Each structure stands twice: as C-alpha cells, then as structure tokens.
Amino acid sequence: MSEIMLRCENVSKQYRLGAIGGTTLKEDLQRLSARLRKKEDPTSKIGQKKRPISNEKFLALDGVSFEVKKGEAVGIIGKNGAGKSTLLKLITRITGPSKGTISLNGRVASMLEVGTGFHPELTGRENIYMNGAILGMSKKEIDAKIEEIIDFSEVRQFIDTPVKRYSSGMYVKLAFSVAAHLDADIMIMDEVLAVGDMAFQNKCLTKMRQSAQEEGKTVLYVSHNMNTIRQLCDRVIVLEKGKLIFDGSVEEGIAIYMNNSDSGSNVVTLHDKTHLGNLIGGAFMESMEFLDCENATVVSGNPLKFKMNFRVDRKLEGVKMRITVKSRDDVPVGISISDEVGSFDAETMASVTLAFDTSLLAQGIYYLNFAVCQYDSNGNPVILDNVARACNFTVINRQDDRSVWSQMWWGSIKFPPMKVCEAEAKNIN
Amino acid sequence: MTENKKSDTAFKTVVSADKKIFDLKLKEAFKYKDMILLFVKREFVSKYKQTVLGPLWAIIQPLFTTVVYTVIFGTLAGLDTADASPAPMVPSFLFYMSGTILWSYFSSVVSATSHTFLANAHIMGKVYFPRIAMPIATAISNLISFGIQLAMFIVTYIVLIINGSAEFVLSWHLIFVPLSILQLMLLSTGIGIIISALTTKYRDLSMLVGFGLNLWQYATPVAYGLMLIPQNYIGLYHLNPVTPAILSFRYGVFGVGYFDLAYYLIGWAITLLIAFLGLLLFNRIEKNFADTV
C-alpha cells in the first residue's frame, strides 16, 4: 500500500503579469520589425524602456515538492492566491509547469468544476456518457456503472430529460455522481462540494472517504471548509504564496493555516487592522496586551487578563468592552461583556485592564473580536469600534489534567458538571 | 541523477517543463476514441435538436446554393463548366453540386476547427484530454453532413442518368472519390488547427477566417470549370491544394475531366505538410493554452 501515486519535484509555475495574450498580431509584427531595425518599440508606453510584458513575472508556484501514496486522502489548504488551484491544474495536465516534473501513476480524474462538458441539449443519460468519456472512461466502463451513477445522483425520474431543464441542484448532483464513480486512481477535487445540499455533501464526502480507504484510491482535495478537510483527509499540505510551508497531520496543518496571520504573541497592534462596523465612531482601538501570561497562553480556569488601549475622539459615557470568542474555524463560541469601564473626555487615550474567565473554555486555540460599545436603554449594543479576529490565545489543560478534547465532536465549551439530584438502583426482577 | 531516471520510468505519466517537438500524441488520442465518437454525436445531434427539418438542413443549403450557381454562373453569366477540352457531357447542375458539397465540407471544417480552443475553453480549462480529439471530432461530424449531401448528389445523378441527360461509366477513376474526400479532411483539419493554435494569441485570425474562405472559394474551381483558367497560370492555380482535390473528385465521378499526376501529387504533398505542421503547432500550444486564451 505504500506505492507512490503522485510525485511533484520542484514544480514552479510562472505567469506574466499584465495583459497576457492581449496583444494583436499587428502589435507583435510592429515590435518585431522595430527590434530588427533597432528602434524603440512603437507599442511601448511613453517613457517605458523595455518591452512592457516580459519584465513582470509572477510565480504562482515556487519549487513545490511532495509525494502522495496510494490510498491517501490529502487536503490542500491555503489562502486565496496561495497556488492551490494552480497546483491542481498542473497535476490534472490542464496547463504545463514552467519548471520541475510531475509524475503520475495511474489515471487522474479531476473535478475542478462539476458538470464540465455537460451539453444542455442532451439528456441526463447522454450527458453521463459524455461527461464520463471526457473524464477518461470508456463506454464499456460507463455501461457497467450507469445504474449506480443514476441511483447515487437521486435524479432517476429526470434522467431522460435534457439537462437544460434541470434545476441547478439536480445538475450538480448528476455531475458529481459521474465524477465520484470514475474508475480513476487519483481523484482531484477543487471545492466541488460547496454546491449541493448538506445531505448530499455528506453523502459525497462519505463516498470519497470510502474510495480512499476501501478501494485504495488517492484523493487530493482543496477546500476552505476545515470541517470537510477534517472529515475527508488524513494529511494536509499547506501552501502560502506559492510555497509549500507544511506537509503533515491534519490538525497541525489547519492550525498553521489558521494561525499564520498571527502567532500567539502577547502584544498586538490594532490600529493597522481592519476596523469593521465603525459606524458611529468615537473610539479607536490602538493596541492591546495580554498580561500575566506567556505567548498568550492561559491555563484552563485561570482568568485571561489583558490591557486594551484605545483613543477616545468625543466625550463618551458608560463605555463597555465586548469580546467575541471564536474557534479556529471562525465559529463563534460566545461573547463576554465587561462592566462599565468608565466615562472619558474627548481626545484622550484610554487604557483599561480586564480579566476574562476562561473556566468554561475547553483546551484549544481561540480568536478574539474586540468591540468598544455603549448600551442603549433596551440593552442593545451601540458599537463604537470593532476589530474582528484581532488576536488569538491558547487555553491549555491544568498540569494534572491529561484529558484530550476533540473540538470537532464536542465543541468548545466545557459546561460545569451536572448535579446529581437523585440516584437509585432497583432490582430488575 | 541516474537513480532519479530509474524511478521516473515507473510512472505512467510524467509531465515536465521541457517540450518534445515531435510528440504528436496520436496514440493517446486513439485511447480516447469513445470520447471522440461521443463528441461527434454530440455535435451532430445538438446541431439539429429542436429544428423541424432536422438533418434535412444539411441538404437544403447546398441544394439552394447549387440552384443559385446554376442560374447565375451557368445561365446568366454563361461560365464554362468544363475542366478539360473537348467539353465532356456533364450537366452543369451536377457540376455545380459536386463543387458545392466538397467546398462546403472543406469550409465548414476549417471554420469549425479554427474555433477549437476558443469555443471549448470552458471544458479545456477544467479537464484534461488529448486536445486533438476536438478537431478530429469536428472533422468527422461534418463528414456525416457531407455523407448526406453525397447521397443527395448520387440521387440527383441517378435521376439525371434515367432522364438521359447524364451518363456514368464505371472505371478505376472512382478511387479518386474517397481519396479526395480524405485529402480534404486532412487539409481542412490541418488548416483549421493551425488557425486555432494561432487564435489563442491573435484573435485577429478568427476575423480573417470567414471572409478568407469566401475569397478562397474564387481561387478554386467550384463555380466554374478549369477551362476558364489561362494555360500559363495552371501551375500557379494548382498550388491551391483544394483545386486538385475537387478536380480529381469530378474526374472520378464523371469519368472525364482534368487530371495531371504531377499536380495531383504536389497537392497531396502540400496537404500532408499542412496537416503535419498543424499537429506540431497544435501540440505545442495545447500544453499551456489555458494561460494565454
């Protein structure tokens, strides 16, 4: 089972910036004749010395190397523009690398977009054949699988209707079913699951998972949804700005991807971060600092102390601080509102120190949104300044606690123990 | 380094940055023959879906063109419809029809394949298959339309023979019929893929195709006989590889006409050269076309 199915060696992909291919034959000929006569390029902009296109290069992928073995499900994560899609395009041979070698062992099935090659005039059944053939199946193979595909797609009733009459959900289901039943050795998916309802998404993930574990297929999966990555993959590759920065276990990889904006430092500047919802104004958070801890790490049950510095632009009364605690995947865990921190005069720098009770939080990494607000008479907040995902902190177990917490299944809150009100045992007979 | 080489041979597919010029990938295209057949079907079926007359349209177009040619070039302008003297007995209606169906096959394949990359960018940008499959499918699906037109031609021919206004002599000349169809297929696909490879960068060419084909038709004996061309220019005239294909087709079906072995072979040589160059250029472009289109 340790056969290598895919190997990328030092793969780079270079793109030219600017109007790629946006030149006309006339311009190219003019440029050529000008170069032959050693004159200035007539198509270049005034003052521009060199040919305008060739001097700006962009490396979408920069020396990426990795190997994938048979039966592995590998997730590829990274921010927009990190090179994930480019990597998949190279592996699926849609475009060639500028440098390096990609070696593949076996047939590659790509699902970079569902329904590729669906023709609106053809019926569902005809399109299954069409799509399967484009993805590399022979007619015989499709014949053998067509019933299974139709069952999986849940659109049997409409299978002999032209797909132009389909709803978008039906379209996607049919397309995914074809792709999922490919007899390929390497399956490549680029967020195709973002469409389709939850039930169908789960069905697809289960199917992919099965393909990898039972049939020994190799799966490469790109997604921004960390939950589906956790469900499907047993290894992740993290890309950043075209470089491979991590290759290893899922949780670690996700942590690196989620964190690489900010490692847990004690002092955080806020003035250069995006201040959202700053509709009313009046306050502007400049910086904050965690107190009495190292690397923004707090032992479960201890208070998280921090000092917030903000500028006050106009006279404010009854100011409160609000924090929103979010999990690594940006799922809100809850909020905590401070007592009134006081009243401030215009044009002052305020500095408040607060303590947040972490005893309910399970171990893990959390992100904080900060808001400076006032509360109206109905108890609703009036946001004066708000910084989302401002910083993160880590909650660790007490030394005597060796338990492991699974955020995926249990969430982030450890409620206080249940009280036993009554307990008795009766003889069954 | 040697160790690296060794492990590479174990992989079935290796994609690297260096380009092999003479890798024509025809073998790979053959593996996808099921897909090519489906493309052919798709193109043919979707062309006539939701039309009342269906594939009859394949007949109507050349039929009316032939009628118009017969009236305008034959009757009004009185152009000669003979390829060689002494004038053989070929009804001008049949003469125009043979030229029209051959030319319409040639021009429709050229214009359809020249859009290969642009028209299928949405598929090609998402999934890999040998790109050459697309123009091959186009050439074949147009061959079906041509087959229908050829049947129409044969029926017309038979009607005219029964009528007594045409005659048919069975001879070995008939071999030129499939040969010239094959030649036109290679030639039109070759020209089409050269244009399609260049249009990924220069969109100007797609503008040129439409009216270029219109002009080209006048340099080809479609609506007039070869007799109209002055003797001095016959050699130059034959450099147009469509010319010997059409002349030999007519020579084949009518048993009379113009045939010159040297010109015929030159025509084939040009055809094969264009088809080969087309393949080379096409394979060179297809690898990175997704970045430039």
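**Exercise 1. Are H5(B) and H9(B) roughly parallel or roughly antiparallel to each other?**

Work from the predicted model. Find the angle, then the handedness, then the residues that touch.

*Solution.*
- Step 1. Locate the helices. H5(B) covers residues 92-113 and H9(B) covers residues 176-199.
- Step 2. Read the geometry. The two helices pack at an angle of about 25°, and their axes are 7 Å apart.
- Step 3. Apply the cut-off. Angles under 35 degrees count as roughly parallel. H5(B) and H9(B) are therefore roughly parallel to each other.
- Step 4. Add the hand. The crossing of H5(B) with H9(B) is right-handed.
- Step 5. List the contact. H5(B) gives Leu102(B), Tyr105(B), Phe106(B), Val109(B), Val110(B), Ala112(B) and Thr113(B). H9(B) answers with Leu184(B), Ser188(B), Thr189(B), Ile191(B), Gly192(B), Ile193(B) and Ser196(B).
- Step 6. Sort by class. This contact of H5(B) with H9(B) holds 9 nonpolar and 5 polar residues, and no charged ones.

**Exercise 2. At roughly what angle do the axes of H5(B) and H10(B) cross?**

Give the relative direction and the residues that meet.

*Solution.*
- Step 1. H10(B) spans residues 204-218. Its axis and that of H5(B) come within 10 Å and cross at roughly 160°.
- Step 2. Angles over 145 degrees count as roughly antiparallel. H5(B) is therefore roughly antiparallel to H10(B).
- Step 3. H5(B) passes H10(B) in a right-handed crossing.
- Step 4. On H5(B), the residues in contact are Trp103(B), Ser107(B), Val110(B) and Ser111(B). They meet Val209(B), Gly210(B), Leu213(B) and Gln217(B) of H10(B).
- Step 5. The class count is 4 nonpolar, 4 polar and no charged residues.
- Step 6. Check Val110(B) in both lists. Val110(B) takes part in the contact with H9(B), and Val110(B) also takes part in the contact with H10(B).

**Exercise 3. What is the strand order of the open sheet of 4 strands?**

Trace the sheet from one edge to the other, then match residues across the chains.

*Solution.*
- Step 1. The order is S2(A)-S1(A)-S4(A)-S1(B), with antiparallel pairing.
- Step 2. Name the edges. S2(A), residues 57-69, and S1(B) each pair on one side only.
- Step 3. Start inside chain A. S1(A), residues 4-16, pairs with S4(A) over 5 bridges, in the antiparallel sense. Cys8(A) has Ile102(A) of S4(A) as its bridge partner.
- Step 4. Cross to chain B. S4(A), residues 99-104, pairs with S1(B) over 4 bridges, again antiparallel.
- Step 5. Match the residues. Ile102(A) stands opposite Val15(B). Ser103(A) stands opposite Val14(B). Leu104(A) has Thr13(B) as its bridge partner.
- Step 6. Check the sense. Position 102 in chain A faces 15 in chain B, and position 104 faces 13. That fits the antiparallel pairing of S4(A) with S1(B).
- Step 7. Add the twist. Neighbouring strands of this sheet are turned by 15° against each other on average, direction ignored.

**Exercise 4. How many residues does each chain bring to the contact between A and B?**

Then break down the side of chain B.

*Solution.*
- Step 1. Chain A brings 37 residues and chain B brings 28.
- Step 2. On the side of chain B, the elements that give two or more residues are S1(B) (13-16), H3(B) (33-48) and H14(B) (289-292).
- Step 3. H3(B) gives the largest share, 5 residues.
- Step 4. By class, the side of chain B has 12 nonpolar, 6 polar and 10 charged residues.

**Exercise 5. Which residues of H3(A) are buried?**

Say what covers them.

*Solution.*
- Step 1. The buried residues are Gly124(A), Glu126(A), Asn127(A), Ile128(A), Tyr129(A), Met130(A), Asn131(A), Gly132(A), Ala133(A) and Ile134(A).
- Step 2. Draw the conclusion. 10 of the 11 residues of H3(A) (124-134) are buried, so this helix is largely enclosed by the rest of the structure.
- Step 3. Find the cover. It includes H4(A) (139-153) and H5(A) (168-180), along with H3(B) and H7(B) (121-124) from chain B.
- Step 4. Look just past the helix. Gly136(A) takes a positive phi of about 105°.

**Exercise 6. How many helices and strands does each chain have?**

*Solution.*
- Step 1. Chain A has 9 helices and 19 strands. Chain B has 14 helices and 1 strand.
- Step 2. Add burial. In chain A, 36% of the 429 residues are buried. In chain B, 40% of the 293 residues are buried.

Notes. Residues numbered from 1 in each chain as written. Chains lettered and ligands numbered in written order. Predicted model: local features only at pLDDT ≥ 70, side-chain atom pairs only at ≥ 80, totals over all residues. Contact = placed C-beta atoms within 7 Å. Nonpolar A, V, L, I, M, F, W, Y, C, P; charged D, E, K, R; others polar. Pairing = 2+ DSSP bridges. Axes fitted to C-alpha atoms, helices over the stretch in contact; angles between N-to-C directions. Parallel < 35°, antiparallel > 145°, perpendicular 65-115°, else oblique. Left-handed = near helix turned anticlockwise from the far one by under 90°. Buried ≥ 20, exposed ≤ 12 C-beta atoms within 10 Å, placed from the backbone.
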